Amino acid sequence: VLKGKRMLYIGFSLFIYGWFWYNFLYFYVFLNPNFCQLSFQPFYRASIDEEGPFSWISLLKNGELMFFFCMHHNLLSRPLTKSTVRRYVPKELVRSLFVLTASCFMNMMINSWEPNVVFYRVPSQYHWVLDGTFLFGHLLTLASTIEVDHFHLFGVMQPINYRPFIKFRTRFLYRVIRHPIMTGFLICMWSMKVISINRLFFSIIMTLWIFLTINKLEEPDLIRIHGNTYKKYCNVTSQFIPGF
């Protein structure tokens, strides 16, 4: 029975991991559809750069979608929420549940996104610079997840070898900046070839959310967990940009 349950948990976590990858790629196509269209456009059709008439209603709806996506991350990643979820969900599946719901909120945000006015389109001869910057941000994000144990981060490893606590450690990228995953996201969000109300609204709100979440929630939690070790790490390592 235990072996069968374990196999069920592993199958569930792998399914959720596949669902995550579908939406992870969708998010990057959403941010830069022209760069990704040859490979993924038949499967992913939403675009943040889609042009439409100006509408306050559309802007408010998009803001509501971002609110739900951001609040989900802030609420479900808190230690109190995790301990509450563990009362009702097997501990091996708690992380997979978070990945599942986060991916669903991302999918809902992308597919429900409404177009708005475009101000400016960067001339095509400069697209290669922005595409290169976008690709660098994408690879930085992916490489950063590998450095912190990619499969544990996305819930695949827990049903195989459950570890309730990971010892604090810093590897290559994390010796340079404290939050390279978020730095990668920020680079991608601001590598824009189309400047529209939607794109500026999205990038500004998401940037503010990242800064507030890291400073008011994530790092205070890490200090409570790791104590002086993390405080010393903060004193010698920049947050998002090396040297700043």
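A cavity, as the word is used on this tour, is a set of grid points where a 1.4 Å probe fits but cannot get out, and its lining residues have an atom within 4 Å of a point. Keep in mind as you look around that this is a predicted model.

**Stop 1: the largest cavity**

Select L76, K82, V85, V94, L97 and F98, which line the largest cavity. Two helices, α4 (79–85) and α5 (94–111), each give two or more residues to this lining. The largest share comes from α5, with 3 residues. Colour the selection by class and you will find 5 nonpolar residues, no polar ones and 1 charged. The space inside has a volume of about 50 Å³. If you would like to look for others, the model has 3 cavities of 30 Å³ or more.

**Stop 2: the loop before α7**

Now move along to D149, in the loop between α6 (127–147) and α7 (150–153). Check its backbone: phi of D149 is near 80 degrees, a positive value in a residue other than glycine. For comparison, most residues other than glycine have a negative phi. Is D149 buried or exposed? With a relative accessible area of 18%, D149 is buried, since the cut-off for that word is under 20%.

Next, select H150, which sits in helix α7. H150 also counts as buried, at 9% relative accessibility. Which residues does H150 touch, not counting those up to four places away in sequence? Show Y17, W21, L142 and T145 to see them. Then draw a distance to T145: the side chains of H150 and T145 make a polar contact at 2.9 Å.

**Stop 3: P180 in α9**

Jump to P180, which belongs to helix α9. P180 is buried, and its relative accessible area is 0%. To see what surrounds P180, leave aside its neighbours within four places in sequence and display its contacts L140, S144, L173 and Y174. For a sense of distance, add F15 to your selection: F15 and P180 are 165 residues apart along the chain, and 27 Å separates their C-alpha atoms.

**Stop 4: the second largest pocket**

Stay with α9 and turn to the second largest pocket, where α9 gives the largest share of the lining, 4 residues. The lining has 13 residues in total, and to find the centre you can select I177, T183, I187, F240 and I241, which lie nearest to it. The elements that give two or more residues to this lining are α6, α8 and α9 (180–190). What classes of residue make up the lining of this pocket? There are 12 nonpolar residues, 1 polar residue and no charged ones. About 190 Å³ of space lies in the pocket.

**Stop 5: the two sides of α11**

Finish at helix α11, residues 228–236, and select its buried residues Y230, Y233 and C234. Look down the axis of α11: these buried residues fall within an arc of 100 degrees, so they line one face of the helix. What do the buried residues of α11 pack against? Show α8 (172–176) and α10 (197–226), and you will see both partners. Then rotate the view to the face turned away from the buried side, which carries the exposed residues N228, K232, N235 and V236.

How values were computed
Residues are numbered from 1 along each chain as its sequence is written. This is a predicted model: local features need pLDDT of at least 70, side-chain atom pairs count only at pLDDT 80 or more; totals for chains, interfaces and linings use all residues. Side-chain values use heavy atoms; hydrogens and water are left out. Buried means under 20% relative accessible area, exposed over 50%, partly exposed in between (1.4 Å probe, protein chains only). The arc is that of the directions from the helix axis to the C-beta atoms. Contact means heavy atoms within 4.5 Å. A polar contact is a pair of N or O atoms within 3.5 Å; within protein, one must be able to donate a hydrogen and the other to accept it, and residues adjacent in sequence count only if both atoms are side-chain atoms. On a 1 Å grid over the protein atoms alone, a cavity is a set of points where a 1.4 Å probe fits but cannot get out, and a pocket is an open set with protein on both sides within 12 Å along at least five of seven lines; lining residues have an atom within 4 Å of a point. Grid points are joined across faces, edges and corners, and a volume is the space filled by probe spheres set on the points. Ala, Val, Leu, Ile, Met, Phe, Trp, Tyr, Cys and Pro count as nonpolar, Asp, Glu, Lys and Arg as charged, and the others, Gly among them, as polar.
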